[in-house]
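Visitor: I should like a close look at a single part of this structure. Please describe one helix, its surroundings and the sheet on which it rests.

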Amino acid sequence: HDSVNFLNLGSGPRIIEDKFWVNADFYRFRKAPDFNFWGLDLRYPMKCPDAVWDGVFTEHTLEHLYPREVRNLLKELHRTMKTGAFIRIIVPNLAPYLEFSSRSREESRMGQFNSQCEAIRTLTQDYYHHSLWNADLFLSELTRAGFVEARETSFGEGEMVELVRDQDVRRWESLYIEARKG
């Protein structure tokens, strides 16, 4: 594969309009050029050859899958990525929601919630989330799927500049993880 290919997994309405990117989601939220959009159901194996992707970006998508489905998807992504390719995963981070109980609303940046219970309910039920993640759990899942150099990173920081497409509006609640296919 001589061409460069990046995958925007779970693109939703955030279509990356670039010939090197494929935007993939279950539902086409807005018109995207046919070459640039791939409809797929992340619960099933990807109809994609081995070693296609130079990088994968996914933001606030994997929490909509059950943990078993995330495990299977990570294995599929590992299979379809080129050796040396990076994956950047952004999911809601459980930690700030748990810390909410030990801080005031103002300190925790969770002032929109009246109680920890309300915050946890929003995280787990209001947006069809089926899994919760912290850094340790996600890093172990990536290692289990065969990725190497799995690490927590930060908003706007990453090994592969093409994959750093983080939304500032989600910064306060997000967990940023990267790994490489060895």
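Guide: A polar contact is here a pair of N or O atoms within 3.5 Å; within protein, one must be able to donate a hydrogen and the other to accept it, and residues adjacent in sequence count only if both atoms are side-chain atoms. Helices (H or I, at least four residues) and strands (E, at least two) are DSSP runs, numbered from the N terminus. The model is predicted, with local features requiring pLDDT of at least 70 and side-chain atom pairs pLDDT 80 or more, while totals for chains, interfaces and linings use all residues. Residues are numbered from 1 along each chain as its sequence is written, and side-chain values use heavy atoms, leaving out hydrogens and water.

The part chosen is helix α5, residues 135–144. At its start, a side-chain oxygen of Asn134 comes to within 3.4 Å of the backbone nitrogen of Asp136. Just after the helix, Gly146 adopts a positive phi of about 105 degrees.

Ala135, Phe138, Leu139, Glu141 and Leu142 are the buried residues of α5, buried meaning under 20% relative accessible area, exposed over 50% and partly exposed in between (1.4 Å probe, protein chains only). Viewed down the helix axis, these residues fall within an arc of 160 degrees, so they line one face of α5; the arc is that of the directions from the helix axis to the C-beta atoms. The face turned away from this buried side carries the exposed residues Asp136, Thr143 and Arg144.

The buried residues of α5 pack against α1 (67–80), β5 (81–92), β6 (147–153) and β7 (174–181), where contact means heavy atoms within 4.5 Å. Strand β5 contains Lys82, which counts as buried because its relative accessibility is 13%. The side chain of Lys82 is joined to that of Asp54 by a polar contact of 3.0 Å.

The sheet itself is open, with 7 strands in the order β3-β2-β1-β4-β5-β7-β6 and mixed pairing; two strands pair if DSSP finds at least two bridges between them. β3 (37–39) and β6 stand at the edges with a single partner strand each, so one side of each has no neighbour in the sheet. From one strand to the next, the twist averages 20 degrees. Strand β2 (residues 21–25) pairs with β3 in the parallel sense over 3 bridges, and Asp25 stands opposite Gly39 in β3.

Helix α5 packs on this sheet, touching β5, β6 and β7, and its direction makes about 165 degrees with that of β6. Axes are lines fitted to C-alpha atoms, for helices over the stretch in contact, and angles run from 0 to 180 degrees between N-to-C directions.
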